[in-house]
Each structure stands twice: as structure tokens, then as C-alpha cells.
Amino acid sequence: MSETWIEVCAKDDIDEEDVLRFDHAGRTFAVYRSPDDEFFATDGLCTHEKIHLADGLVMDEIIECPKHNGRFNYKTGEAKGAPVCVNLKTYPVKVEGDSVFISI
Ligand code: FES
């Protein structure tokens with residue numbers, strides 16, 4: 001099956017070590033720019049209580065949920081301990097020119 005790439009934003013719309021909320025087709029995603037200038041994407045809602053992760057804090061390769069401080073590795077989706085125990089789904093990301101795309 002061929003991949004469908006969706007344009008999210010311009011590269012510079014996300015600062016390094018920051019996250020952007022992206023809503024598409026009734027779903028919400030979180031798109032991250034790491035401190036070493038790579039881009040990643042996960043589901044946008046915390047697996048604990050469906051809070052928007054884009055309102056949280058990015059630290060290195062971790063996104064911290066703003067509600068109960070649950071943490072995930074946004075590169076792998078791995079839940080890093082209580083209160084979150086269900087991993088986040090991750091999505092491929094590519095950068096072409098100045099634009100960021102995710103495959104969903
Ligand atoms: S809603 Fe995210 S840790 Fe509780």
C-alpha cells in the first residue's frame with residue numbers, strides 16, 4: 001500500500017525542542033522537533049486521559065503530559081512510567097525543502 005504524506009507545517013513553525021499540535025481528518029497528532037533538529041510525530045492525545053500533548057513540555061527526547069506529568073519518548077512512543085502505561089503510536093515524518101510531512 002502506498003503511503004499518504006500530509007503536509008503539516010513549515011520547518012520553522014516548530015522550534016527546536018518543541019512540539020506542535022496538528023489536527024487532520026478528525027484526528028489529532030503531535031509533531032516534535034528534537035534538540036538535534038530531527039522531526040518526529042505521535043498521536044496527539046495522552047494515553048492516560050486524552051489530554052493534548054502539544055500543551056506539554058519537550059525535554060530532550062521526552063514529552064511530558066501537562067496534566068499528570070506522564071512521560072513518553074516521542075521518538076519511539078514508549079511510555080516511561082506511571083501514570084502512563086500505554087505507548088503512543090508514532091508516525092513517519094519527512095522534511096522536503098522547508099516543509100514537514102507526516103505519513104498517517
Ligand atoms: S492525562 Fe497525561 S498523564 Fe494523565
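In the predicted model, strand β10 is largely enclosed by the rest of the structure, because five of its five residues are buried. Its side chains are divided between two directions: S99, F101 and S103 point one way, whereas V100 and I102 point the other way, and all are buried. In a regular strand, side chains alternate between the two faces of the sheet.

Strand β10 occupies the central position of an open sheet of three strands, ordered β1-β10-β9 with antiparallel pairing. The edge strands, β1 (5–10) and β9 (93–96), each pair on one side only. From one strand to the next, the twist averages 30 degrees.

On the side of β1, five bridges connect this strand to β10 (residues 99–103), and the two run antiparallel. Within this pairing, W5 stands opposite S103, and C9 stands opposite V100. On the side of β9, four bridges join the strand to β10, again in an antiparallel arrangement; here K94 is placed opposite F101. Strands β9 and β10 form a hairpin with two residues between them, and G97 in the turn adopts a positive phi of about 60 degrees.

A separate buried site is found at R33, which lies in strand β3 (residues 27–33). R33 has a relative accessible area of 9% and is therefore classed as buried, the cut-off being under 20%. A polar atom of the R33 side chain lies 3.0 Å from the backbone oxygen of K11. Beyond its neighbours within four places in sequence, R33 is in contact with K11, D12, I14, D15, E16, E17 and D18, as well as with E38, F39 and Y74.

Notes:
Residues are numbered from 1 along each chain as its sequence is written. This is a predicted model: local features need pLDDT of at least 70, side-chain atom pairs count only at pLDDT 80 or more; totals for chains, interfaces and linings use all residues. Side-chain values use heavy atoms; hydrogens and water are left out. Buried means under 20% relative accessible area, exposed over 50%, partly exposed in between (1.4 Å probe, protein chains only). A polar contact is a pair of N or O atoms within 3.5 Å; within protein, one must be able to donate a hydrogen and the other to accept it, and residues adjacent in sequence count only if both atoms are side-chain atoms. Contact means heavy atoms within 4.5 Å. Two strands pair if DSSP finds at least two bridges between them. Axes are lines fitted to C-alpha atoms, for helices over the stretch in contact, and angles run from 0 to 180 degrees between N-to-C directions.
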